[in-house]
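Student: I should like a close look at a single helix and at what its buried residues pack against. Please then set that part beside the strands and cores described elsewhere in the model.

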Amino acid sequence: MKNPVAVIGAGSWGTALTRPLAVNAGEVRLWAHRPEHVEALSRDRENRSYLPGYRFPENVRPLADLAEAVRGCRAVVMVVPSHVFRAVFAGLVPHLEAGSHIVSAAKGIENETLRTMTEVMAEELPKDTGCRTAVLSGPSFAREVADELPSAVTVAAGSEEEARFWQHLFSTDRFRVYGSTDVVGLQLGGALKNIVAIAAGICDGLKYGTNARAALITRGLAEISRLGIRMGANPLTFAGLGGLGDLVLTCTGDLSRNRSVGLELGRGKKLNKILAEMNMVAEGVKTTRSAMALARKVGVEMPILEQVYRVLYEDVDCGEAVSELMGRDLKQELS
């Protein structure tokens with residue numbers, strides 16, 4: 001008999017991941033923090049708030065109780081936003097099965113501590129639980145995964161064996177999962193690409209054309225790689241699905257929430273109004289703050305990140321920020 005799997009977080013991405021998991025698990029328990037949301041999920045058999053039109057498979061069960069969601073589950077998928085990740089994870093830790101496999105599918109860096117999500121889990125897990133952690137990332141809009149359009153992502157863990165566990169649990173004929181042991185690089189790629197996507201959206205909102213977008217993607221990848229390498233990541237990760245692949249998708253796709261934020265900023269709308277009108281979280285907004293602090297802490301130059309930070313948190317005009325980027329001292333590209 002197939003084992004149950006818990007998905008913690010019923011936003012669009014958590015909901016979409018129930019599609020491949022439902023193929024390979026006996027039961028998929030989808031946890032949402034609001035009881036009224038769980039009631040609607042159970043009644044409608046779809047997530048009309050965040051992913052309308054996707055009908056849950058028969059073995060998906062929405063739940064509002066964390067203890068019930070993870071009871072008897074050896075596999076737990078964390079899909080809550082980075083700014084609430086620690087609080088939710090700390091709440092479920094007492095209910096975890098010993099030796100559980102836990103994967104983070106969230107993309108962000110904790111603002112207060114500058115920790116990645118696997119680092120947050122390591123801090124919250126007691127040392128004697130035997131639990132193992134991993135991270136899932138890559139170019140994957142929730143809508144397309146839910147619609148079973150072909151997608152490919154990467155899962156990274158401390159060992160190839162642990163990565164294979166998740167590869168087998170997630171993989172279907174429409175959702176291909178590659179393995180990696182670069183936990184640091186995969187998380188940084190997934191978090192930082194959202195910031196570059198905001199910048200790409202700004203340029204599109206300013207109608208600066210495709211040359212500017214291509215330049216931003218390329219130089220954005222250079223910045224992500226510099227920080228990642230300084231943090232101990234494998235440089236090849238940033239040429240893969242969780243690096244270049246995710247970056248291109250998020251900077252060019254119409255379903256990108258972070259690009260959408262940038263588009264509205266480039267058109268002159270204020271950030272607080274943009275966020276107030278959004279139904280879902282654009283992780284890049286909060287991650288910009290933590291990434292800026294991290295870059296300064298480790299001494300890595302990231303000019304695109306710096307200008308996005310100035311636009312978001314210092315109310316700098318978007319056109320002025322682009323002029324600052326273009327007017328920097330001339331340099332060798334590969335230095």
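Tutor: Contact here means heavy atoms within 4.5 Å. The model is predicted, and the helix chosen is α2, residues 35-44.

The buried residues of α2 are His 37, Val 38, Ala 40, Leu 41 and Asp 44. Viewed down the helix axis, these residues fall within an arc of 160 degrees, so they line one face of α2. The face turned away from that buried side carries the exposed residues Pro 35, Glu 39 and Arg 43. Four strands receive the buried residues of α2: they pack against β2 (27-31), β3 (46-47), β4 (51-55) and β5 (60-63). After the helix comes Arg 45, with a positive phi near 60 degrees.

One may next turn to strand β9, residues 151-157, which is mostly covered, with six of its seven residues buried. Strand β8 (residues 132-137) is joined to β9 by four bridges, and the two run antiparallel. Within this pairing, Leu 136 has Val 155 of β9 as its bridge partner. Strand β10 (residues 175-180) is joined to β9 by six bridges, and here the strands run parallel. Ser 151 is paired in this way with Phe 175 of β10. Together with helix α7 (residues 160-170), β9 and β10 make a right-handed β-α-β unit.

The nonpolar cores complete the account. In soluble globular proteins, nonpolar side chains tend to be buried together. The largest nonpolar core in this model has 45 residues, of which Leu 192 and Leu 265 touch the most other members. Two or more residues of this core are given by each of α8 (183-205), α9 (209-230), α10 (241-252), α11 (257-266), α12 (271-276), α13 (283-298), α14 (303-313) and α15 (318-326). The largest share, 11 residues, comes from α8. Leaving aside residues up to four places away in sequence, Leu 192 touches Ile 109, Ile 224, Leu 227, Ala 291 and Met 302.

Apart from this core lies another, of 37 residues, whose members include Val 7, Leu 51, Phe 175 and Val 177. Two of the residues just named lead back to the parts described above. Leu 51 belongs to this core of 37 residues, and strand β4 (51-55) is one of those against which the buried residues of α2 pack. Phe 175, also among the members of that core, is the bridge partner of Ser 151 in β10.

Technical notes
Residues numbered from 1 in each chain as written. Predicted model: local features only at pLDDT ≥ 70, side-chain atom pairs only at ≥ 80, totals over all residues. Heavy atoms only, no water. Buried < 20%, exposed > 50% of the residue type's maximum accessible area, 1.4 Å probe, protein only. Arc of directions from axis to C-beta. Pairing = 2+ DSSP bridges. Right-handed = clockwise from strand over helix to strand, strands pointing away. Core = buried A, V, L, I, M, F, W, Y, C linked by side-chain atoms within 4.5 Å.
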